[in-house]
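The exercises below go through one protein model step by step. Try each task before reading its solution.

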Amino acid sequence: MTDPDSPAPRSAGARRGRPPSNALSRERILDAALAVLEREGPDALTLRRLGADLGSNHTAVLRYFSGKDDILLGLAERLIAEAVDGFEPGPTWRATLTGLARRVRRACLAHPALAVLVASRVSRRDAEFRGADLVIGALLEAGFGARESARYYRSLVDVTLAMSSFEAASAMLDGPEREGDRMAWQREYLMASPQRFPQLASVAPHLAQADEDDQFEFVMGLLLDAVEARSGRPV
């Protein structure tokens, strides 16, 4: 007969040396945080919510991250990693910078809620260092010195992330609001009074012709043209 006061026998999964099926890890916590963020927005992302979704006490999350901000920096690292993992420099310094900028934009648009939240942050982790190394390497190849390369690196990254997160913020709008903004170039701007806004009216038909892809490529082209002009080393 089994003694009712004796402990229950251990299951195979609970034997010494084997973590339980719901064992936490940094990756599991980041997966859960990204899911909450993309499904319900930043206000829903709390330690208690993460603990509940992971089937653990929220304090267990603090064994892996120092707090919510540390989790956000981990997510920022993921966003950058999605852009730089597997990337190889192009045949020219300009091709390298253009290719990286496009990949950053693509990652931001794939995770717009995350991009809006962390695009301005400095993750200070390996993926960010990898991206910095690629951009700075391209600028050194273009003939810039260390100080100039550092300044152009900051400028290129800031513009790329600003444009990408701006577009991501638009993507997060509800359908009617997003469509209203998009159509404004073809409606309200075309209807602007030529008497009150003569310069705007003179170019209004052209404003509707540029989409987000056009604008991103145009701005990056302008920026890289300026970099190339200052390098004195044509591609």
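**Exercise 1. The core**

Which residues of the largest nonpolar core touch the most other members?

Solution. This is a predicted model. Its largest nonpolar core has 48 residues, and those that touch the most other members are Ile29, Leu50, Ile71, Leu75, Leu97 and Leu139. Helix H4, residues 68-84, gives the largest share of this core, eight residues. Next, take Ile71 from that list. Leaving out residues up to four places away in sequence, Ile71 touches Ile29, Leu30, Ala33, Leu47, Leu50, Val61 and Phe65. As background, nonpolar side chains in soluble globular proteins tend to be buried together.

**Exercise 2. Helix H4**

Find how much of H4 is buried, and what covers its buried residues.

Solution. Start with the length: H4 has 17 residues and reaches 25 Å from its first C-alpha to its last, close to the 24 Å expected at 1.5 Å a residue. Then count the cover: 12 of the 17 residues of H4 are buried, so the helix is mostly covered, with buried meaning under 20% relative accessible area. The buried residues of H4 include Asp70 and Glu77 as well as Ile71, Leu72, Leu73 and Leu75. The cover over the buried residues of H4 includes helix H1 (26-40), helix H2 (47-54), helix H3 (58-61), helix H5 (93-110), H6 and H7. Just after H4, Gly86 has a positive phi of about 80 degrees.

**Exercise 3. The whole chain**

Describe the protein by its helices and strands, its burial and its contacts.

Solution. The protein has 12 helices and zero strands. Of its 235 residues, 34% are buried. Now take the contacts between residues at least 6 apart in sequence: 68% of them join residues at least 24 apart. The accessible surface comes to about 14,400 Å², and carbon and sulfur atoms account for 54% of that surface.

**Exercise 4. An annotated span**

Which residues does the UniProt annotation "DNA-binding region" cover?

Solution. According to the unreviewed UniProt entry, the annotation covers residues 46-65. In the model, this span is 60% helix and 0% strand, and its end C-alpha atoms lie 13 Å apart.

**Exercise 5. A positive phi**

Locate Arg124 and state its phi and its exposure.

Solution. Arg124 lies in the loop between helix H6 (112-118) and helix H7 (126-141). The phi of Arg124 is near 50 degrees, a positive value in a residue other than glycine. Arg124 has 49% relative accessibility, and exposed requires over 50%, so Arg124 counts as partly exposed.

**Exercise 6. Aromatic rings**

How many aromatic pairs are there, and how is the pair of Phe144 and Tyr152 classed?

Solution. The count is two aromatic pairs, with ring centres within 6.5 Å as the rule. The ring centres of Phe144 and Tyr152 are 4.7 Å apart and their planes are at 55 degrees; stacked requires under 30 degrees and edge-to-face over 60, so this pair is tilted. Both Phe144 and Tyr152 are buried.

**Exercise 7. A serine in a helix**

Is Ser164 buried or exposed, and which residues does Ser164 touch?

Solution. Ser164 is found in helix H8, residues 146-171. The relative accessibility of Ser164 is 0%, so Ser164 counts as buried. Not counting residues up to four places away in sequence, Ser164 touches Val104, Arg105, Cys108, Leu109 and Phe216.

Terms used:
Residues are numbered from 1 along each chain as its sequence is written. This is a predicted model: local features need pLDDT of at least 70, side-chain atom pairs count only at pLDDT 80 or more; totals for chains, interfaces and linings use all residues. Side-chain values use heavy atoms; hydrogens and water are left out. A nonpolar core is a set of buried Ala, Val, Leu, Ile, Met, Phe, Trp, Tyr and Cys residues joined through side-chain atoms within 4.5 Å. Buried means under 20% relative accessible area, exposed over 50%, partly exposed in between (1.4 Å probe, protein chains only). Helices (H or I, at least four residues) and strands (E, at least two) are DSSP runs, numbered from the N terminus. Contact means heavy atoms within 4.5 Å. UniProt positions are given in the numbering used here, feature names are shortened, and annotations may be inferred rather than shown by experiment. Rings of Phe, Tyr and Trp (its six-membered ring) pair if their centres lie within 6.5 Å; planes under 30 degrees apart count as stacked, over 60 as edge-to-face and the rest as tilted. Accessible areas come from the Shrake-Rupley method with a 1.4 Å probe; for residues, only the protein chains shown count as cover. The expected span of a helix is 1.5 Å times one less than its number of residues.
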